[in-house]
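Hi,

Here is the structure we talked about. Have a look at it first, and my notes follow underneath.

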Amino acid sequence: MAERGRYKTKQQDIILDCLKKQKSRFLTVDQLMDCLREDGVAVGQTTVYRVLERMVADGKMMKLPTEDGTKVRYCFADENDLSKPGKLVCLRCGRFIPLECTKMEEFLEHVYEEHGFEPDRRHTILYGYCESCKNKDSRLGL
């Protein structure tokens, strides 16, 4: 049985399925709405926001601001990926890469010991450009 005030709807399932198809990629609500339309699904934008925020609160979704801070992007990730101590996010394509690296643990310890700041391991994100986007830029001479 669903929690009081928390019920499961067909629209929630449709939105989750759409996000799972885009696994490991961050999408804005507009991009998600485009994906839903491409699948022939009509869901209101308010419903999409509500479902996404619920999934973020339930720990099933990551939420990040865009690089310019004007919008928010969402990414479905399984619990194993979300629990990694670091995440890499491509600024161009929105790709999410769970970071499994012993150096990351060392870096987080350094930040704590040398700077007196305790990073939240679950929310440590490094932004940059994935290999694919970096290669596209070099082919274009950028």
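A quick definition before the details: a residue counts as buried under 20% relative accessible area, as exposed over 50%, and as partly exposed in between. So Lys 63, at 38% relative accessibility, is partly exposed. I'll use those three words throughout.

Please keep in mind that this is a predicted model. The mean pLDDT of the chain is 82, and 90% of its residues reach 70 or more. Confidence is highest in α2, at 92, and lowest in helix α4 (residues 79-82), at a mean of 74. Where pLDDT is low, the predicted coordinates should not be read in detail.

The overall layout

The chain has six helices and six strands, and from the N terminus on they run α-β-α-α-β-β-α-β-β-α-β-α. The C-alpha trace spans about 50 × 45 × 25 Å along its principal axes. Of the 142 residues, 35% count as buried. If you take the contacts between residues at least 6 apart in sequence, 51% of them join residues at least 24 apart.

Helix α3

I spent some time on α3, which covers residues 45-57. Its 13 residues reach 18 Å from the first C-alpha to the last, close to the 18 Å expected at 1.5 Å a residue. Which of its residues are buried? They are Thr 47, Val 48, Val 51, Leu 52, Arg 54 and Met 55. These residues cover an arc of only 160° around the axis, so they sit on the same side of α3. What do they pack against? The partners are two helices and two strands: α1 (10-21), α2 (29-38), β2 (61-65) and β3 (72-76). On the face turned away from that buried side you'll find the exposed residues Thr 46, Arg 50 and Ala 57. Just after the helix, Gly 59 takes a positive phi of about 80°.

Glu 53 and its partners

Glu 53 also lies in helix α3, and at 31% relative accessibility this residue counts as partly exposed. Leaving aside residues up to four places away in sequence, Glu 53 touches Lys 63 and Tyr 74. Both show up as polar contacts of its side chain: 3.0 Å to the side chain of Lys 63 and 2.5 Å to that of Tyr 74. The Lys 63 pairing is a salt bridge as well, with the closest N and O atoms 3.0 Å apart. Lys 63 lies in strand β2 and Glu 53 in helix α3, so this pair ties together parts that are 10 residues apart in sequence. As for Asn 80, 27 residues along the chain from Glu 53, the two C-alpha atoms are separated by 20 Å.

The other salt bridges

How many salt bridges does the structure hold? There are four, and besides the Lys 63 and Glu 53 pair I'd point you to two more.

- Asp 30 and Lys 71: their side chains meet at 3.0 Å, N to O. Asp 30 is in helix α2 and Lys 71 in the loop between β2 and β3, so the pair links distant parts of the chain, 41 residues apart. Asp 30 is partly exposed, with a relative accessible area of 36%, and Lys 71 is too, at 39%.
- Arg 37 and Asp 34: here the side chains meet at 2.8 Å, N to O. The two are three residues apart in helix α2, which means that about one helical turn separates them. Asp 34 counts as partly exposed at 37% relative accessibility.

Thr 124

The last spot I looked at is Thr 124, in the loop between α5 (102-115) and β6 (125-128). Is this residue buried or exposed? Thr 124 is buried, with a relative accessible area of 11%. A polar atom of its side chain lies 2.9 Å from the backbone oxygen of Asp 120. Not counting residues up to four places away in sequence, Thr 124 touches Pro 85, Gly 86, Lys 87, Met 104, Leu 108 and Pro 119.

That's what I have for now. Happy to go through any of it with you.

Cheers

How values were computed. Residues are numbered from 1 along each chain as its sequence is written. Side-chain values use heavy atoms; hydrogens and water are left out. Helices (H or I, at least four residues) and strands (E, at least two) are DSSP runs, numbered from the N terminus. The expected span of a helix is 1.5 Å times one less than its number of residues. Buried means under 20% relative accessible area, exposed over 50%, partly exposed in between (1.4 Å probe, protein chains only). The arc is that of the directions from the helix axis to the C-beta atoms. Contact means heavy atoms within 4.5 Å. A polar contact is a pair of N or O atoms within 3.5 Å; within protein, one must be able to donate a hydrogen and the other to accept it, and residues adjacent in sequence count only if both atoms are side-chain atoms. pLDDT is the predictor's confidence in each residue, from 0 to 100.
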